[in-house]
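Here are a few worked exercises to go through with the model open in your viewer. Try each task before you read its solution.

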Amino acid sequence: MSDPRPGSRGLTALDGAISLIAILLIVQMWLLTATLEAYLAGHHSVAAPAAALSGGLFAAGFALYRFIEGIDRMARSQTP
Amino acid sequence: MKLWREEFSIEAAHERYVARRQFGKFLVLTSLGMFVGNLWILLRSQFRKEEAFSRALVARTGDIPRGGVKLFTYPGPQDPCILFHTQAGRFVAYSQKCTHLSCAVIPAQDGQRIECPCHHGFFSIEDGRVLQGPPPRPLPRIVLDRQGEELWAIGIDLGTDPSSSPEKSS
């Protein structure tokens, strides 16, 4: 059954994108703490791949944010 | 559209969109902070300086019986360390700060292990590795140089090189 409220599909997409960003952020938090732990233990070789992975996660989150912005702009332009 | 029109909802129907977008922006900025943290660790790793440790006389071998210990500081006066003369006759020294929460480690009652009394972490007296409990890393080992009857501290090994020997003789 379709939702009669205007813009509810856009909101569902926003919620999904925000959930994905939150999951990526949790992974990034774990990655930072694990990298810091390894660094303090003297294992310096993990710093470069961890930074690359963290950058990738940030890029994915940023792309999702741009998606959110696009939906936001589109939904607001459709509303009279 | 001007910036303030994007950041503040004028119509009630837009409010849910603006709130979600701003929350998404907060999450992404936090993600940027995590990335910067990883970059900071990377830069620290790339541009780290090898610490130059001074030589410091720790003890004379005859002063410590087998099974005995001696406390000393190295490399600075605020860095407590502990020297062990093991039952096997070897001299080994470690930082006295537990790698869990920096409590002072002490010899365990059995004389075979090093104990952190705060949270019951145990380390091997032979190489400082973690045997039990919450410590995440081995105890930093003080590199000793034995010259005749004298034991000198010449450096610190964080325990990342398993091939390094606990005590040098010359």
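**Exercise 1.** In which loop is the place of Pro75(B)?

*Solution.* First, the ground rules. This is a predicted model, where local features need pLDDT of at least 70 and side-chain atom pairs count only at pLDDT 80 or more, while totals for chains, interfaces and linings use all residues. Residues are numbered from 1 along each chain as its sequence is written, with chains lettered from A and ligands numbered from 1 in the order in which they are written.

Step 1: Pro75(B) sits in the loop between β2 and β3 of chain B. Elements here are DSSP runs numbered from the N terminus: helices are H or I with at least four residues, strands E with at least two.

Step 2: the two strands around that loop, β2(B) and β3(B), make a hairpin with six residues between them. Strand β2 covers residues 69-73 and strand β3 residues 80-85, and they pair antiparallel over five bridges; pairing requires that DSSP finds at least two bridges between two strands. Thr73(B) faces Pro80(B) in β3(B).

Step 3: look at the backbone in the loop. The peptide bond from Tyr74(B) to Pro75(B) is cis, with omega near 0°.

**Exercise 2.** Work out the strand order of the open sheet formed by four strands of chain B, and find its edges.

*Solution.* Step 1: the order is β5-β6-β7-β8, with antiparallel pairing.

Step 2: β5 (106-107) and β8 (130-132) of chain B are the edge strands; each has a single partner strand, so one side of each lacks a neighbour in the sheet.

Step 3: check one pairing. β5(B) is joined to β6 (residues 113-116) of chain B by two bridges, and Ile106(B) has Glu115(B) as its bridge partner.

**Exercise 3.** Describe the backbone and the exposure of Ser102(B).

*Solution.* Step 1: Ser102(B) has a positive phi of about 70°, although it is not a glycine. Most residues other than glycine have a negative phi.

Step 2: Ser102(B) is in the loop between β4 (91-95) and β5 of chain B.

Step 3: count neighbours. Ser102(B) counts as exposed because it has 12 C-beta neighbours inside 10 Å. The scale calls a residue buried at 20 or more other C-beta atoms within 10 Å of its own, exposed at 12 or fewer, and partly exposed in between, with C-beta atoms placed from the backbone.

**Exercise 4.** Is Leu14(A) buried or exposed, and what does it touch?

*Solution.* Step 1: Leu14(A) is found in helix α1 of chain A. With 23 C-beta neighbours inside 10 Å, it counts as buried.

Step 2: leaving out residues up to four places away in sequence, Leu14(A) touches Ile68(A), Ile71(A), Tyr17(B) and Arg20(B). A contact means C-beta atoms, placed from the backbone, within 7 Å.

Step 3: zoom out to the core. The largest nonpolar core has 24 residues, and Leu14(A) is one of those with the most contacts inside it. Such a core is a set of buried Ala, Val, Leu, Ile, Met, Phe, Trp, Tyr and Cys residues joined through C-beta atoms within 7 Å. Its largest share, ten residues, comes from α2(A).

**Exercise 5.** How many residues does each chain give to the contact?

*Solution.* Step 1: chain A gives 39 residues and chain B 28 residues.

Step 2: on the chain A side, α1 (8-40) and α2 (47-78) each supply at least two residues.

Technical notes. Two residues are in contact if their C-beta atoms, placed from the backbone, lie within 7 Å.
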